[in-house]
Amino acid sequence: MNYLVVGPSWVGDMVMAQALFISLRQQDPQATIDVLAPGWSLPIIARMPEVNQGIAAPWKSGELALKAQWQLARTLKGYDKAIILPRSFKSALIPFFAGIPERVGFSGEGRSVLLTDARRRHPTRDGSVITDKTVWRYMGLGASKADYETYQFDVPQPSLTIDEANLKAVLARLKLDPARPAVAICPGAEFGPAKQWPLENHRALAGKLVQKGFQVWVAGGPKDVDAGEQIAGGQEGVFNLCGKTRLEDTVDLFSHCRKVVSHDSGLMHVAAAAGAEVVAIYGSTSPDFTPPLTDKATIVRHPVECSPCFDRTCRFGHYNCLTGISVQRVLEACQ
């Protein structure tokens, strides 16, 4: 079976999608899996041994790019089945234009006409039980209709390939001591501040970790540079790496860490798939929906009546689900 999988647009979702790729290869060891996804994700897709190749999608956020989609679709030949993970109309166009005989995805946005197997999402709750984990939705689209109706899946853990040569080169370039144990802190969360533990707490945690003999690497993208500086600035042994590494470099650095402290973010999932022990801080969201897919995770939450609300910002303005998590509690989780 030759698959074209249309991948998601978020870092964490792309990592969770590896569980689907692993499952497809377990069902058919000879399967060929190509992944159509945003260009930024190709380096991390290249770290997934189940995937034959990543293909850069021609669209950008908010753009249909109809002509570019048609042109790319004309080059895609030989696929037996397309699995479309995003729920947008435009994500279903290329498999349709390419004439792939089986096209599986969720209904919605009027796109059912583009699919040969349009599936309805299960309710997000059954009484008090969560039944709609993101990774289950992805795996469900790779399952038969009968198996999808049961909506219970054994989820394989994503595992990204580590490039030891690149790790050594990155450590040297950033002048990081490979012999000193490291803990990474990831202060960012694209979703919004309702996921983000206060920066002053991250800074205090970093200082306490240094006192215990660790070096601390603050990890993130260009948007996190200022936050990284607020955590690292003036603290010996704390290094602001935000904006200084590629996503694939971060994979390798995480594999070297004793712990990775992260919000419910893309880098939390990257750390889990890199084999790191993860300390995952949850605020407005819930590990019942987007848990780190690893046995080596410690979940840190402060239960309040209004959490999880899944809001980007706190509707009450207090952020108690986050401010109620003490530095000492996260420090203990790191030990």
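## Two helices that cross

In this predicted model, helix α1 (residues 11-27) packs against helix α5 (residues 134-141) at an angle of about 40°, and their axes lie 9 Å apart. The crossing of α1 past α5 is right-handed.

If you would like to find the contact on screen, look on the α1 side for D13, M16, A17, A19, L20 and S23, which meet T134, V135, Y138 and M139 of α5. Sorted by class, the contact of α1 with α5 comprises 7 nonpolar, 2 polar and 1 charged residues.

## Looking for empty space

Rolling a probe the size of a water molecule over the atoms reveals where empty space is left. How many cavities of 30 Å³ or more does a search of the whole structure find? The search turns up 2.

## The largest cavity

The largest cavity has a volume of about 90 Å³. Its lining is made of 13 residues, and those nearest the centre are S284, C306, C309, C314 and C321. In the lining of this largest cavity, 7 residues are nonpolar, 5 are polar and 1 is charged.

## The second largest cavity

Next comes the second largest cavity, with a volume of about 50 Å³. You can trace its lining through A184, W217, A219, L241, T245, T250, L253, F254 and C257. Which helix gives the most to this lining? That is helix α10 (residues 247-255), with 3 residues.

As for the chemistry of this second lining, 7 residues are nonpolar and 2 are polar, with no charged residues.

Key. Residues numbered from 1 in each chain as written. Predicted model: local features only at pLDDT ≥ 70, side-chain atom pairs only at ≥ 80, totals over all residues. Heavy atoms only, no water. 1 Å grid on protein atoms, 1.4 Å probe; cavity = no way out; pocket = protein on both sides within 12 Å on 5 of 7 lines; lining within 4 Å. Points joined across faces, edges and corners; volume = space filled by probe spheres on them. Nonpolar A, V, L, I, M, F, W, Y, C, P; charged D, E, K, R; others polar. Helix = DSSP H or I, 4+ residues; strand = E, 2+ residues; numbered from the N terminus. Axes fitted to C-alpha atoms, helices over the stretch in contact; angles between N-to-C directions. Left-handed = near helix turned anticlockwise from the far one by under 90°. Contact = heavy atoms within 4.5 Å.
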